[in-house]
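Here are a few exercises to work through with the model open beside you. Try each task before you read its solution.

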Amino acid sequence: MSVQGIDQLLGELRSMSALAAGQPANAPTGATEGPDFAAVLKQSIDQVNQVQQNAQAQQVAFQAGDPDANLQDVMVSLQKASLSFQTMVQVRNKLVTAYQEVMNMQV
């Protein structure tokens with residue numbers, strides 16, 4: 001799922017939430033006190049991307065024979081990248097499931 005797809009999904013959820021609360025879909029919901037969900041989600045995706053890029057860079061450095069790259073650090077970095085990606089996929093799956101449940105609700 002692309003970032004654009006996530007943004008579209010969030011927009012639909014916000015408009016449905018506003019309609020359920022009896023407000024016009026384009027009116028602000030008044031929930032501006034906390035952090036923006038889309039911003040937090042994007043920041044998390046960016047962090048996962050950064051971890052993967054760091055692991056890839058360490059792997060390439062080790063393969064190139066860089067004396068500063070050690071196998072243990074490379075393996076730990078790759079495992080961190082894998083774990084963070086798997087966690088992100090699980091969060092995405094939960095969001096999609098929640099969205100589908102909301103869409104299937106009877107009004």
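How much area does the chain expose, and what share of it do carbon and sulfur atoms supply? The chain exposes about 8,100 Å², and carbon and sulfur atoms supply 57% of it. Accessible areas here come from the Shrake-Rupley method with a 1.4 Å probe, and for residues only the protein chains shown count as cover.

Before going on, a word on the model: it's predicted, so local features need pLDDT of at least 70 and side-chain atom pairs count only at pLDDT 80 or more, while totals for chains, interfaces and linings use all residues. Residues are numbered from 1 along each chain as its sequence is written, and side-chain values use heavy atoms, with hydrogens and water left out.

**Exercise 1. Work out the fold pattern and how much of the chain is buried.**

Step one: count the elements. There are 3 helices and 0 strands, giving α-α-α along the sequence. Helices (H or I, at least four residues) and strands (E, at least two) are DSSP runs, numbered from the N terminus.

Step two: check burial. Of the 107 residues, 13% count as buried. Buried means under 20% relative accessible area, exposed over 50%, and partly exposed in between (1.4 Å probe, protein chains only).

Step three: look at the contacts (heavy atoms within 4.5 Å). Take those between residues at least 6 apart in sequence: 57% join residues at least 24 apart.

**Exercise 2. Check the lengths of H2 and H3 against the expected spans.**

Step one: the expected span is 1.5 Å times one less than the number of residues.

Step two: H2 (residues 37-63) has 27 residues, so it should span 39 Å, and its end C-alpha atoms are indeed 39 Å apart.

Step three: H3 has 33 residues, so 48 Å is what you'd want, and its end C-alpha atoms are 48 Å apart, which agrees.

Step four: see what flanks them. Just after H2, Gly 65 takes a positive phi of about 85°. Asn 70 caps the N-terminal end of H3, with a side-chain oxygen 2.8 Å from the backbone nitrogen of Gln 72.

**Exercise 3. Find what the buried serines of H3 touch.**

Step one: list the buried residues. H3 has Val 74, Ser 77, Ala 81, Ser 84 and Tyr 99; H2 has Ala 38, Leu 41, Val 48 and Ala 55.

Step two: take Ser 77. Its relative accessibility is 15%, so it counts as buried. Setting aside residues up to four places away in sequence, Ser 77 touches Ala 55 and Gln 58.

Step three: do likewise for Ser 84. At 19% relative accessible area, Ser 84 is buried. Neighbours within four places aside, Ser 84 is in contact with Val 48 and Val 51.

**Exercise 4. Locate the salt bridge and say how exposed its partners are.**

Step one: recall that side chains of opposite charge can pair when their charged atoms come close. The cut-off is a side-chain nitrogen of Lys or Arg within 4 Å of a carboxyl oxygen of Asp or Glu.

Step two: the structure holds 1 salt bridge. Asp 46 pairs with Lys 42, the closest N and O atoms being 3.4 Å apart.

Step three: both lie in H2, 4 residues apart, about one turn of the helix. Asp 46 is partly exposed at 40% relative accessibility, and Lys 42 is partly exposed at 43%.

Key:
A polar contact is a pair of N or O atoms within 3.5 Å; within protein, one must be able to donate a hydrogen and the other to accept it, and residues adjacent in sequence count only if both atoms are side-chain atoms.
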